[in-house]
Each structure stands twice: as structure tokens, then as C-alpha cells.
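Grab a coffee and open the viewer. Here are some short exercises, each with a worked solution.

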Amino acid sequence: MAALRLLVVGGTRFVGRHLVAEALRRGHDVTLLTRGRTNPDLFPEAERLRGDRRQGGLELLRGRPFDAVFDTCGYFPAEVRALASTVAPSVGQLTFVSSISVYPQPVAPGTDESAAVEVLDGPVPESGEPGEAYGALKALCERAAEDELPGRVLHVRPGLVVGPHDPTDRFTYWPRRIAEGGPVLAAERSQPVQLIDARDLAAFMLDLSEAGRTGVFNATGPTRATTMEQVLTACVAASGSDAEPVWAGEAFLAEQGVESWSELPLWVPAEFAGFLQVDASRARAAGLRFRPLTETVADTLAWDATRPPAERVDLLARERERELLRALGV
Ligand SMILES: NC(=O)c1ccc[n+]([C@@H]2O[C@H](COP(=O)([O-])OP(=O)(O)OC[C@H]3O[C@@H](n4cnc5c(N)ncnc54)[C@H](OP(=O)(O)O)[C@@H]3O)[C@@H](O)[C@H]2O)c1
């Protein structure tokens with residue numbers, strides 16, 4: 001297809017970074033707007049505008065024609081509205097990177113795009129850290145974009161995004177820990193783990209944007225999610241390690257005060273497991289494809305090995321893991 005003029009607000013950390021890399025690979029003309037703080041030397045082949053979207057930076061975009069715009073770093077409705085209204089007269093379509101966190105917890109398994117979204121209780125903040133209000137604010141961001149560009153917005157709601165350059169260490173913990181070998185503390189072998197490789201997400205967003213598609217799409221893994229056991233098996237296969245998962249079970253972990261998700265990565269108590277079983281069949285029908293899990297694991301492990309040690313954070317510290325394994329008699 002002919003090269004498009006694309007604007008990415010953001011684009012140098014993780015999700016946006018893969019999007020920009022893929023857009024350039026496809027031969028598009030890409031302009032980035034960032035503050036120049038996160039990996040400022042990336043993508044010399046793109047036009048790199050420097051500005052803070054929250055502090056006047058959007059003026060650099062006024063009147064500039066683009067075929068499509070991607071907002072990968074919108075967290076507050078005021079900033080999304082400001083971007084959408086600034087570009088409205090001179091762009092075709094806008095893709096807003098939202099989240100499945102728009103659905104109130106606990107999310108029912110099989111939740112699709114028709115489900116109600118979370119409603120913010122109290123005043124709407126305009127900046128700072130979204131914190132607990134993250135999902136409700138994303139829902140308001142979607143609405144703000146739609147108000148300014150009616151019928152011209154593609155709302156993509158990713159679930160857990162993983163792969164190289166993931167700054168959270170949530171998924172990366174597992175390939176790294178399994179590669180070290182030995183007994184490995186894990187939660188429940190049959191727990192669903194629904195995830196999407198950031199590169200598959202990037203390709204999907206570009207495909208839809210190139211086709212001028214709009215509307216709302218959950219962008220997660222298959223509804224019949226992978227299990228935690230399959231994730232760990234893929235990690236063993238990628239590293240050839242002698243690791244052996246020790247399935248501690250939810251009751252033991254709760255009794256020991258282990259925090260789900262934030263301390264033992266990817267562990268979600270059964271009550272909240274619907275969050276990892278969202279229905280992405282609409283996106284599948286529109287072309288979303290998933291690479292094999294083993295490829296995601298291998299590439300994540302290879303990338304992780306290139307990171308400075310201080311950046312590689314084990315959410316569950318080794319010492320704490322040893323303590324918990326001892327309590328299990330291992
Ligand atoms: N990770 C997940 O599992 C997950 C799941 C669901 C949804 N999401 C959504 O996916 C997106 C992921 O974000 P990402 O960080 O990976 O995207 P990214 O586009 O790769 O990185 C964030 C970008 O925003 C720029 N930026 C931050 N504040 C800015 C400002 N005030 N003005 C201009 N540029 C600014 C940063 O550059 P500078 O710092 O240089 O400004 C950086 O380029 C988010 O919208 C998130 O809500 C993520």
C-alpha cells in the first residue's frame with residue numbers, strides 16, 4: 001500500500017515503540033511527539049517532535065495533515081480531548097490505546113465490547129497518576145476522543161501486553177526465573193493467562209488503521225486462555241532449564257500474605273480470573289493474529305539478557321521465594 005503519514009503521540013517505550021518500528025518497517029512516514037525523556041535516540045528515520053502534550057506541546061501539531069494518529073500515552077480525558085480537538089481538522093482517523101481495565105472488576109469471563117464500562121466516582125483528575133482510577137479514566141478518554149472525532153476513532157483495548165521492552169517485569173519474571181532452574185514457586189497450574197505480544201498488537205493496530213477501521217476492539221489473547229502451566233512449560237522449553245514448578249495453591253499464598261499480580265507476577269485469585277478471559281473474537285475476525293507463545297518467551301528472554309542488571313526487577317524476590325518454598329517443605 002502507499003505510504004501513509006502517521007503521527008504517534010508517544011512511541012518510544014514499549015507498546016508504542018513496537019508500533020513505530022512496525023510502521024517504519026511498512027514504509028510509512030512517521031512523526032513522533034514525545035518529551036524526549038524516554039529513549040530519545042530511537043527512530044532517527046522518523047520525524048521527532050519534542051513537546052509535552054500536557055504543557056503546550058500539542059501546538060506543534062496544529063494544522064499538520066496526517067492520515068492517521070495514534071495516541072499511546074493518553075491517561076486523562078482532558079489530555080486526550082486536547083489532542084483530538086487539535087488534530088481534528090487535519091487528520092483522518094485516530095487510534096486510542098485504551099485497556100480492558102475499562103471493564104469493572106470482577107470481569108465476567110467472555111466479556112466483550114458491549115459490556116458496560118467503569119464509571120468514575122467523584123471529580124475527574126486532569127493529571128498526576130491515574131492509580132485506582134486507571135480503568136474509569138481510560139473509559140472517559142475513549143469518550144473524549146469520540147466527542148471530538150465522532151465516528152473516526154479506533155479504540156483498542158489491550159489485555160496484558162508482553163514481550164521485549166516490557167518495562168513492568170510482570171511477564172518477563174517468568175522466562176528469567178525459569179531459566180535459572182531449580183524449584184520455582186508458582187500459584188495454580190490451571191489458572192488462565194491471557195496475553196498479547198506487543199508486536200502482534202502493533203501489527204493489528206496498524207492493519208486496522210491502514211484500512212480506516214473505527215470502533216471498539218478488545219485486543220487480548222484467545223478467550224480459551226493459555227494456562228499458567230503452559231506458560232511455564234514454554235519457559236522451560238525456551239531455556240532448556242531444569243526448573244520444576246511447585247504449585248503452591250491459592251489458599252497457601254493467601255495465608256502467607258503473598259500479593260497476587262504485584263508480588264507473584266501473573267497470579268490472579270480465581271475470583272478475578274475473568275480479567276484473563278476477555279472475548280477478543282471481534283479483533284480476531286478483523287485480523288488479529290497471535291505468534292506462538294514459545295517465540296514470545298524466547299524473544300523476551302533474549303531481550304532481558306541485554307538489560308542492565310539494575311533494570312531487571314524480580315517482583316518476587318529470590319529470598320522471599322526461598323522462604324515460601326521452605327514453608328512448603330521444598
Ligand atoms: N502494558 C500493558 O500490559 C497494557 C495493557 C493495556 C493497555 N496498555 C496501554 O498501552 C499504552 C502503553 O504505553 P507504553 O508506555 O508502552 O507506550 P509508548 O508509546 O511506547 O511509551 C510512552 C510514550 O509516551 C511518551 N510520553 C509520556 N508522557 C508524555 C507527555 N506528557 N507528552 C508527550 N509524550 C509523552 C513517552 O516519551 P517521553 O517520556 O520522552 O515523553 C513515550 O514515548 C498505555 O496507553 C497503556 O494504558 C498497556
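**Exercise 1.** Work out how helix α6 and helix α9 sit relative to each other in this predicted model.

*Solution.* Start with the axes: those of α6 (residues 228–239) and α9 (residues 293–304) come within 9 Å and cross at roughly 55°. Next, put a word to that angle. Under 35 degrees would count as roughly parallel, and 65 to 115 as roughly perpendicular; α6 and α9 are therefore oblique to each other. As for the handedness, α6 passes α9 in a right-handed crossing.

Now look at who touches whom. On the α6 side you'll find V231, A234, C235, A237, A238 and S239, and they meet L293, T294, V297, A298 and L301 of α9. Sorted by class, this contact has nine nonpolar and two polar residues, with no charged ones.

**Exercise 2.** Do the same for α1 and helix α5.

*Solution.* The axes of α1 and α5 (residues 198–210) come within 8 Å, and the crossing angle is roughly 55°. That makes α1 oblique to α5. The crossing of α1 past α5 is right-handed.

For the contact itself, α1 brings V15, H18, L19, E22 and A23, while α5 brings A198, R199, L201, A202, A203, M205 and L206. Count these up by class and you get nine nonpolar, one polar and two charged residues.

**Exercise 3.** Which parts of the chain build the shell around the ligand?

*Solution.* Begin with the residues that come nearest: of the 25 around the ligand, these are G10, R13, F14, G16 and R35. Then move up to whole elements. At least two shell residues each come from α1 (15–25), β2 (29–34) and β7 (160–162). The largest share belongs to α1, which supplies three residues; this is the helix that also packs against α5 in Exercise 2. Finally, sort the shell by class: eight residues are nonpolar, 10 are polar and seven are charged.

**Exercise 4.** Split the protein into domains and describe where they touch.

*Solution.* The domain assignment gives domain 1 as 5–158, and domain 2 as 173–194 + 224–275 + 292–324. Taken over C-alpha atoms, the centres of domain 1 and domain 2 are 30 Å apart. Six residues from domain 1 and four residues from domain 2 take part in the contact. What does the touching side of domain 1 look like by class? It has four nonpolar and two polar residues, and no charged ones.

Key. Residues are numbered from 1 along each chain as its sequence is written. This is a predicted model: local features need pLDDT of at least 70, side-chain atom pairs count only at pLDDT 80 or more; totals for chains, interfaces and linings use all residues. Domain bounds come from an automatic or database domain assignment. Two residues are in contact if their C-beta atoms, placed from the backbone, lie within 7 Å. Ala, Val, Leu, Ile, Met, Phe, Trp, Tyr, Cys and Pro count as nonpolar, Asp, Glu, Lys and Arg as charged, and the others, Gly among them, as polar. A residue is near a molecule or strand if its C-beta atom, placed from the backbone, lies within 6 Å of it. Helices (H or I, at least four residues) and strands (E, at least two) are DSSP runs, numbered from the N terminus. Axes are lines fitted to C-alpha atoms, for helices over the stretch in contact, and angles run from 0 to 180 degrees between N-to-C directions. Angles under 35 degrees count as roughly parallel, over 145 as roughly antiparallel, 65 to 115 as roughly perpendicular and the rest as oblique. A crossing is left-handed if the near helix is turned anticlockwise from the far one by less than a right angle, and right-handed if clockwise.
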